[in-house]
Amino acid sequence: MASPAPTSITEVPVVDEPGTVNAPRSRKLSPVATYYLRRLGLYLITLWGSLSASFFFFRLMPGDPIGGIIAQLESKGQYSSIARSEELVLFYRREFGLDGSMLEQYIRYFERVVLHFDFGPSVLSYPTPATDLIVRALPWTLGLIGVSTILSWVIGVLLGTLVGWTRKSKISEWVTNVCLVLSHIPSFFVALFLIIWVSYKWGLLPANGAYDNRLSPGWDFEFILSVIRFGTLPVLASVLVGFAGWLIGTRALVVSILGEDFLTYANAKGLTPKRILLSYVLRNAWLPQIASLGIILGSVVNGNVLVERLFRYPGVGNLLVDSVGIKDVNTAQAVVTMFIVLVLTANLIIDLLLPLFDPRVKAAN
């Protein structure tokens, strides 16, 4: 006897093959979406951990910035009363967010920074907020780091590709040996050399400041030319060391690429050396260097602090040295926080853009 027909549509099973029934399919995120979410989550966790570490580092530093302010005021005869000094200490501790337990300071710190982007007043120029000092100094640092990093990367990758392509020539060997030496020299040592010889001995370029003090800041040609002239030596100090490292790394990549089978196939097809160099070698060499650019940004920022100090460049690095010298916790912490956010955000942007340049990133996730 035939089985009764189903009474509703929901009772009809969906059969792919005889004896098998479809199981409900779960929707999965695409590999690219998974990659983006993973990178974003890692960015947020790293950002929280870095900001927490910087908070406890500056709070546990020896010295009392408030005591130094009170000592200066008493030395000038403004506050000679002990009772008045104690009241002033309590006032300044509240002003600079140093009152209460460490946990209370930690919670207030994240509340001010995350919700209001407020680091409190600066000891360097009280009652000016620390963020105002950073806003004035940040364009100089971004310009210095941006120009030096881009020039170092472009010059290093292009020359490294050429040196690796012509690795058996005498010129390539000489360039490689010189860059090996340069890559191990600190950027501040190169800065000292440039200051002594190019500025003081030869008098070619200025060694202090960011522009001629006789000019008023603006977008006129004379001021822009002065900024370029004063910024040449700081940029050169970073580029001379930075491009050498990129050249050596790119050369090593090119040498390894030259032994790949696809280059042998390209030669067998009769492609010109120029076509092979540009379309195959350079394309496969610069993709890994994009990821390396984000990794090396931290060391670039650290080296830039000393370079700014040596050239008295009015950037954030010079501001950090001044604030640490007088125990200005708010300004120093604001500068370090800004560096952390810039470096981590730059790494995140590079990570998010990497799948657009390198399809292998999509396949690996």
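Okay, let's start with a question: which residues in α11 are buried? They are Val 316, Gly 317, Asn 318, Leu 319, Leu 320 and Ser 323. Keep that helix in mind, since I'll come back to α11 a few times.

First, the overall picture. What we have here is a predicted model, so take everything I say as computed from that. The protein has 13 helices and zero strands. If you read along the sequence, then, you just get α after α, right through to the end of the pattern. There are 365 residues in the protein, and buried ones make up 37% of them.

Now the inside. The largest nonpolar core has 32 residues, and the ones touching the most other members are Tyr 109, Val 335 and Phe 339. Who supplies this core? Helices α1, α4, α5, α10, α11 and α12 each put in at least two residues. The largest share comes from α12, at residues 329-357, which gives eleven residues.

Let me go through a few of those helices. Start with α1, which runs over 31-59. With 29 residues at 1.5 Å each, α1 should span 42 Å, and its end C-alpha atoms are indeed 42 Å apart, so the two agree. A good number of α1 residues are buried, and the list is a mixed one: Tyr 35, Tyr 43, Leu 47, Leu 51, Ser 52, Ser 54, Phe 55, Phe 58 and Arg 59. Yes, that's an arginine in there, Arg 59, counted as buried.

Hold on to Phe 58 from that list, because it takes us back to α11. Val 324 sits in α11. Along the chain, Val 324 and Phe 58 are 266 residues apart, yet C-alpha to C-alpha they are 9.4 Å apart in space. Phe 58 is buried, while Val 324 counts as partly exposed, with 35% relative accessibility.

Next up, α5, residues 130-165. This one has 36 residues and reaches 50 Å from first C-alpha to last, close to the 52 Å you'd expect. But have a look at Ala 137: there's a kink of about 40° at that residue, and the proline Pro 139 comes shortly after. Further along α5 you find Leu 159. The C-alpha atoms of Leu 159 and Thr 250 are separated by 8.4 Å, with their positions 91 residues apart along the chain. Leu 159 is partly exposed, at a relative accessible area of 36%.

On to charges. How many salt bridges does a search of the whole structure find? Two. One joins the side chains of Asp 322 and Arg 309, at 2.6 Å from N to O. Asp 322 belongs to α11 and Arg 309 to α10, so this pair ties together parts that lie 13 residues apart in sequence. Both ends are partly exposed: Asp 322 has a relative accessible area of 30%, and Arg 309 comes in at 26%. The other salt bridge is between Asp 212 and Arg 214, with 2.8 Å from N to O. Arg 214 is exposed, at 75% relative accessible area.

While we're around α10 and α11, check the backbone. As a general point, most residues other than glycine have a negative phi. Arg 312 isn't a glycine, but it has a positive phi of about 50°. You'll find Arg 312 in the loop between α10 and α11, where it counts as partly exposed at 47% relative accessibility. And then, just after α11, Lys 327 also takes a positive phi, about 60°. So, going back to our opening helix, there's one of these residues in the loop leading from α10 to α11 and another just after α11.

Last thing, the surface. There's a nonpolar patch made of Phe 188, Phe 189, Leu 192, Phe 193, Ile 196, Trp 197, Trp 202, Leu 204 and Leu 306, and together they have about 910 Å² of accessible area. Which helix gives the most to it? That's α7, residues 187-201, with six residues. Phe 193 is a handy one to click on: it lies in α7, and it's partly exposed, with a relative accessible area of 45%.

That's my tour, and I'm happy to take questions.

Technical notes. Residues numbered from 1 in each chain as written. Predicted model: local features only at pLDDT ≥ 70, side-chain atom pairs only at ≥ 80, totals over all residues. Heavy atoms only, no water. Helix = DSSP H or I, 4+ residues; strand = E, 2+ residues; numbered from the N terminus. Expected span 1.5 Å × (residues − 1). Bend = angle between axes of the 7 residues up to and from the residue. Patch = residues over 30% accessible without salt bridge, like charges linked within 9 Å, V, L, I, M, F, W, Y side chains within 5 Å. Areas by Shrake-Rupley, 256 points an atom, 1.4 Å probe, with all protein chains shown as cover. Salt bridge = Lys/Arg side-chain N within 4 Å of Asp/Glu carboxyl O. Buried < 20%, exposed > 50% of the residue type's maximum accessible area, 1.4 Å probe, protein only. Core = buried A, V, L, I, M, F, W, Y, C linked by side-chain atoms within 4.5 Å.
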